[in-house]
Amino acid sequence: MPGAPAGPGGPSRPAGPPAPPTGGHDASGPGRGGGSPWWKSAPRIALLTGAVVVAAALAVFLLRSDGGSDEVFLQPAAADGNDPFTASTAKGAGAEATDAPKSTGGTRAVEGSTPGLYGGTQSLASCDVERQIRYLTDDQAKARAFAGAAEITPDRIPSYLRGLTSAHLRTDTRVTNHGYKNGSATTYQAVLQAGTAVLVDDRGLPRVRCACGNPLGPPADAEGTPKAKGQSWSAYRAADVGTVSPAGKALDVLVLYDAHSEQWFERPVGTQGDQDRPVSRPSGGMTSAPPQTPSAPPKPAPETPRTTEPYTPRTTPPVTTPPPVETPTDPAPGPAYGRPAGQGDRP
């Protein structure tokens, strides 16, 4: 093979392998054809990386969310529920679970100022607010997640909770619930059983579920009847589920009903029972009895049929009056037998 031309001042050297194509590194490898230089593929790599990030974020969101507005999770009054924030701080949860007023059908919205919408026991709190504050403020990650769901800052958690009023739900109520999972707040639709201990704000909206410390919000809009999941209870009926709409203005008191004593009382907003005072039954107040509707007079109960012998008429003989009985009288003494009157004994 011919050698390379001799350089200045030195002998010639054997020719080496052909140089790679001009323009960069050889991108081809065994079994591969020629391709674009690696630096020209950087935008594609960036685009692919961005797509992976978006997909991962979407997956995290879907994992964090336990259901959309087309499904609800049923939560009995005393159950921990999905992804609880804290241990239970409820007192007497479930006490009124069988006393709820019934709906005539369809989800109904009741304004938060309605007397008797919430229940409780006079002079007794439904939740331990101070313990709830300790549970949250002792864990900064939970505090941040709770504050984000409640739309407040973490430093406001104590004053926020102390400004709420403890009570019991008296109807099965649909809400947006927030759980705690992997350091963040989850979001799902839930139905809370009547008797659930909650903390209520000054517009009459339930804001905290005391059995798990989860923050609550108004329910999401749903078309039709959402699919129910979770743990049901014997009295659950989708048609009896209600929602709470905010009162038109801030409330000073909540008018509560004690279904056990059948008494009404006022609880000032932001108190836990120490300032309760009895009141007479308010106009339009909700009691535990279903609404009364006019009805027709009750029908008499049908008589129980009896088995009897066939009736056979009997002929009664006519009643007759017997003829009067004459009392005989003694006749006047007459002549002796066989003797004419006036004759002697001798012939």
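S166 is found in strand 4 (residues 165-169); strands here (E, at least two residues) and helices (H or I, at least four residues) are DSSP runs, numbered from the N terminus. This is a predicted model, where local features need pLDDT of at least 70 and side-chain atom pairs count only at pLDDT 80 or more, while totals for chains, interfaces and linings use all residues. Residues are numbered from 1 along each chain as its sequence is written, and side-chain values use heavy atoms, with hydrogens and water left out.

**Around S166**

Is S166 buried or exposed? At 0% relative accessibility, S166 is buried. The word "buried" stands for under 20% relative accessible area, "exposed" for over 50%, and "partly exposed" for what falls in between (1.4 Å probe, protein chains only).

So who are the neighbours? Leaving out residues up to four places away in sequence, S166 touches A125, S126, C127, V198, L199, R267, T271 and Q272, a contact being heavy atoms within 4.5 Å. Two of these neighbours come up again as polar partners. The side chains of S166 and Q272 share a polar contact of 2.8 Å, and a polar atom of the S166 side chain lies 3.2 Å from the backbone nitrogen of S126. A polar contact is a pair of N or O atoms within 3.5 Å; within protein, one must be able to donate a hydrogen and the other to accept it, and residues adjacent in sequence count only if both atoms are side-chain atoms. P206 is 40 residues from S166 in sequence, and their C-alpha atoms are 9.4 Å apart in space.

**The disulfide**

C127, one of the residues that S166 touches, is also half of a disulfide. How many disulfides does the structure hold? There is 1, with a disulfide taken as a pair of cysteine sulfur atoms within 2.5 Å. The partner of C127 is C210, at 1.8 Å from S to S, and the link is right-handed, with 90 degrees about the S-S bond. C127 sits in the loop between strand 3 (118-119) and helix 2 (129-137), and C210 in the loop between strand 10 (206-209) and strand 11 (214-217), so the bond ties together parts that are 83 residues apart in sequence. Both ends are tucked away: C127 is buried at a relative accessible area of 2%, and C210 is buried at 0%. Then there's C212, which is in no disulfide; the nearest cysteine sulfur, that of C210, is 8.7 Å away. C212 is buried too, at 0% relative accessibility.

**Helix 2**

Just along the chain from C127 comes helix 2 (129-137). D128 caps the N-terminal end of this helix, with a side-chain oxygen 3.4 Å from the backbone nitrogen of E130. Which residues of helix 2 are buried? They are V129, Q132, I133 and L136. These four cover an arc of only 100 degrees around the axis, so they sit on the same side of helix 2; the arc is that of the directions from the helix axis to the C-beta atoms. Among the elements that cover them are helix 3 (140-150), helix 4 (157-162) and strand 9 (197-200).

**Salt bridges**

The structure holds 6 salt bridges, each one a side-chain nitrogen of Lys or Arg within 4 Å of a carboxyl oxygen of Asp or Glu. Here are some of them:

| Pair | N to O distance |
|---|---|
| E71 and K229 | 3.1 Å |
| R277 and E266 | 3.0 Å |
| D276 and R267 | 2.8 Å |

E71 lies in strand 1 (residues 71-75) and K229 in strand 12 (residues 227-230), so this pair ties together parts that are 158 residues apart in sequence. E71 is buried at 15% relative accessibility, whereas K229 is partly exposed at 32%.

R277 and E266 form a salt bridge between strand 16 (residues 277-279) and strand 15 (residues 263-268), 11 residues apart. R277 is partly exposed, with a relative accessible area of 39%. In the remaining pair of the table, D276 and R267 are both buried. R267 is also one of the residues that S166 touches.

**Strands 14 and 15**

E266 has another partner as well: V255 of strand 14 pairs with E266 through a bridge. Strand 14 (residues 253-258) is mostly covered, as 5 of its 6 residues are buried. Strand 14 and strand 15 run antiparallel and are joined by 6 bridges; two strands pair if DSSP finds at least two bridges between them. Their hairpin has 4 residues between the strands, and E262 there takes a positive phi near 55 degrees.
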